[in-house]
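User: I'm new to this structure and would love a close look at a single part of it. Could you pick one spot and walk me through its surroundings?

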Amino acid sequence: MLLDHIYLKITKSDSKLSFTTTGGGDWEVWDRFISYDNEPLFHIGNICGTCAFFFTQIKTDLAGSYTADSVRNNLANGIETISDDISKQLSAIIPEGEYECLLLEIQPYQTCYNGKRDYFKEEQNPLWDYEDETDETGGIYYRGTDSVISEHEKLFEFFIPLYPPSSLEENRVRFYQEQIREGKQPTALALAVVDAKECMTYMEIPEDGIVSHWTYANYLLDGHHKIQAASREKKSITLLSFISKDASFKVVDTLVELYKKNN
């Protein structure tokens, strides 16, 4: 559910995070990455509109945090609107570029490659028949709400952690579980991209008619303990999602309107 939305253009930032690309074959730009100090953290797919969606964590020896103390404190208490103060603070840690910033209420479900409700096994493989490719994803991730967009299009929400649940502080997770049980909604923070991937290799239209997957991938910068707590409790928290208009496919504006319509 959409709680608030603003457009934000960041023209000056001290962020060490960035969206980077490399070429492939005859393509000057093909693969896309989220990088830190120009070192790739995640391979977030390619520019192909008919290839399958994937993500791969490249750098795993992570240390420290990607947000400032003042930001973390505000988000820990949960926010209800995207205030000027919050957007100003975050502008210093989000890469330069154009963003649609969505404050969403989400209910995350933890899964993993080949696990229960694994997108790659249950939704992607039957359509694209890319079973071998999905090994690239590996690891644990979270899913949100799936939404039918049109007769042939469906939206899938993903929340992708930098740190696995096994590395989290158990006491901190339990703290947020208690907060959530009391009805509070702490806020996680993510850098996001949206892609529209249409399968062109199916032999016939599937029974559900869906041949185009819109993938809304949120890479968590803050909120790993919160999202794990929400998943355990099967309850919702909020997410402040910075969708990059520069690194995403052209469907970002349509996605925003979809959330507004379904609000």
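Analyst: Happy to! Let's start at Thr215, keeping in mind that this is a predicted model. Leaving aside neighbours within four places in sequence, Thr215 is in contact with Phe53, Tyr119, Phe156, Phe158, Val193, Val194 and Asp195. Thr215 itself belongs to strand E12, which spans residues 212–222. Is Thr215 buried or exposed? Its relative accessible area is 1%, and because anything under 20% counts as buried, Thr215 is buried.

One of those contacts, Tyr119, leads us to helix H3, which covers residues 119–128. Tyr119 is buried, and so are Phe120, Gln124, Asn125, Leu127 and Trp128 in this helix. These buried residues lie on the same side of H3, because the arc they cover around the axis is only 165°. Some background helps here: an α-helix has 3.6 residues a turn, so residues three or four places apart point the same way.

What covers the buried residues of H3? The cover includes strand E8 (140–143), strand E10 (153–160), strand E11 (187–198) and E12, and E12 is the strand where Thr215 lies. Just after H3 comes Asp129, with a positive phi near 60°.

For a contrast with buried Thr215, look at Ile47, which is partly exposed at a relative accessible area of 34%. Ile47 sits in the loop between strand E4 (39–46) and strand E5 (56–57). Together with Trp27 and Val29, Ile47 forms a nonpolar patch on the surface, and the three have about 270 Å² of accessible area together.

Technical notes:
Residues numbered from 1 in each chain as written. Predicted model: local features only at pLDDT ≥ 70, side-chain atom pairs only at ≥ 80, totals over all residues. Heavy atoms only, no water. Patch = residues over 30% accessible without salt bridge, like charges linked within 9 Å, V, L, I, M, F, W, Y side chains within 5 Å. Areas by Shrake-Rupley, 256 points an atom, 1.4 Å probe, with all protein chains shown as cover. Salt bridge = Lys/Arg side-chain N within 4 Å of Asp/Glu carboxyl O. Helix = DSSP H or I, 4+ residues; strand = E, 2+ residues; numbered from the N terminus. Buried < 20%, exposed > 50% of the residue type's maximum accessible area, 1.4 Å probe, protein only. Contact = heavy atoms within 4.5 Å. Arc of directions from axis to C-beta.
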